[in-house]
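Here is a walk through one chain, taken piece by piece. Have the structure open while you read.

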Amino acid sequence: MDCLSTVSDDVLKKLLHRVIDGICGQDPPTFSACNSGLSLSKFSHVVASLTRSVEKCAVRCEKNNELEQVLRHDCIPENAISTIIQCVSVRTNDIRKAHIAVVMKACSLGETRIVDIDWNVRLEHPSGDQEYVSIEFDKPELETFLNSLKTAQQFHLKPLSSSVRLLPL
């Protein structure tokens with residue numbers, strides 16, 4: 001992260017806020033928008049490193065001395081540490097909200113639930129005509145419908161009793 005030592009304080013602040021915007025789901029920093037004086041490869045490396053460091057700091061650290069310790073461990077130059085601490089302190093709540101949203105989304109991926117049901121059903125009339133009907137259920141209607149399907153499935157899977165005889169057609 002020696003590249004950061006060549007970046008001015010003002011550019012670093014703008015870059016940091018754009019990195020935080022990217023973490024929070026907004027537009028991340030772009031090479032053309034940030035006039036950092038870095039090459040494209042160094043700019044990409046700096047943005048990736050800053051993103052990792054800022055996420056770690058905002059999620060894990062409560063106090064500035066903890067922030068400073070994490071940043072030193074990530075080999076951030078001394079002249080950039082205070083600027084990073086200042087920006088992260090101002091935007092900690094934004095970063096934590098974004099982190100919580102990502103965790104909640106990841107947790108909900110493993111959860112199966114029906115949110116909305118819109119089905120197109122094809123009805124066949126005895127005359128051979130077909131009709132398509134759109135059906136939408138609210139929660140109680142859906143529960144009733146699913147219970148009916150379960151009952152029909154159970155009935156269909158039961159063997160016929162000996163007292164029932166099928167007559168040939």
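## Starting at T83

T83 sits in helix α4, which spans residues 78–109. Keep in mind that this is a predicted model. Is T83 buried or exposed? With a relative accessible area of 2%, T83 is buried, because the cut-off for that label is anything under 20%.

What does T83 touch, once its neighbours within four places in sequence are set aside? The contacts are D9, L12, K13 and L16. Helix α1 covers 9–23, and L12 and L16 turn up again in the packing of α1 against α2.

## The chain as a whole

Zooming out, the chain has five helices and two strands. Read from the N terminus, the order is α-α-α-α-β-β-α. The chain has 169 residues, and 26% of them count as buried.

Now for the surface and the contacts. The accessible surface of the chain is about 12500 Å², and carbon and sulfur atoms account for 54% of that. Take the contacts between residues at least 6 apart in sequence: 52% of these link residues at least 24 apart.

## The nonpolar core

In soluble globular proteins, nonpolar side chains tend to be buried together. Here the largest nonpolar core has 29 residues, and the members that touch the most others are L50 and I84. Which helices feed this core with at least two residues each? They are α1, α2, α3 (residues 64–73) and α4.

I84 comes right after T83 in the numbering. Not counting residues up to four places away in sequence, I84 touches L16, L50, L71 and I76. Among these partners, L16 is also a contact of T83, and L50 is the other residue picked out for touching the most core members.

## How the helices pack

Two packed helices are described by the angle between their axes and the distance between the axes. For α1 and α2, the angle is about 65° and the axes are 10 Å apart. This crossing is right-handed. On the α1 side the residues involved are L12, L15, L16, V19, I20 and I23, and they meet F43, V46, V47, L50, T51, V54 and E55 of α2.

Next come α2 and α3, whose axes approach within 10 Å and cross at roughly 150°. That angle makes α2 roughly antiparallel to α3, because anything over 145 degrees gets that label. S53, K56 and C57 of α2 make the contact with L67, V70 and L71 of α3. The α2/α3 crossing is right-handed. L71 is worth a second look, as it is also one of the residues that I84 touches.

## The loop between α3 and α4

C75 lies in the loop between α3 and α4, and so does I76. Which of the two is buried? I76 counts as buried at 5% relative accessibility, whereas C75 counts as exposed at 55%.

Most residues other than glycine have a negative phi, and most peptide bonds are trans. C75 has a positive phi of about 60°, although it is not a glycine.

I76 has a partner far along the chain to check, too. I76 and S49 are 27 residues apart in sequence, and their C-alpha atoms are separated by 9.1 Å. I76 also appears on the list of residues touched by I84.

## Where α2 and α4 come alongside

To finish, look at two pairs that bring helix α2 and helix α4 into the same view. R60 belongs to α2, which runs over residues 40–60. R60 is exposed, with a relative accessible area of 62%. How far apart are R60 and R96 in space, C-alpha to C-alpha? The distance is 9.7 Å, with their positions 36 residues apart in sequence.

K97 is part of helix α4. At 60% relative accessibility, K97 counts as exposed. K97 and V59 are 38 residues apart along the chain, with 9.8 Å between their C-alpha atoms.

Note on methods
This is a predicted model: local features need pLDDT of at least 70, side-chain atom pairs count only at pLDDT 80 or more; totals for chains, interfaces and linings use all residues. Side-chain values use heavy atoms; hydrogens and water are left out. Helices (H or I, at least four residues) and strands (E, at least two) are DSSP runs, numbered from the N terminus. Buried means under 20% relative accessible area, exposed over 50%, partly exposed in between (1.4 Å probe, protein chains only). Contact means heavy atoms within 4.5 Å. Accessible areas come from the Shrake-Rupley method with a 1.4 Å probe; for residues, only the protein chains shown count as cover. A nonpolar core is a set of buried Ala, Val, Leu, Ile, Met, Phe, Trp, Tyr and Cys residues joined through side-chain atoms within 4.5 Å. Axes are lines fitted to C-alpha atoms, for helices over the stretch in contact, and angles run from 0 to 180 degrees between N-to-C directions. Angles under 35 degrees count as roughly parallel, over 145 as roughly antiparallel, 65 to 115 as roughly perpendicular and the rest as oblique. A crossing is left-handed if the near helix is turned anticlockwise from the far one by less than a right angle, and right-handed if clockwise.
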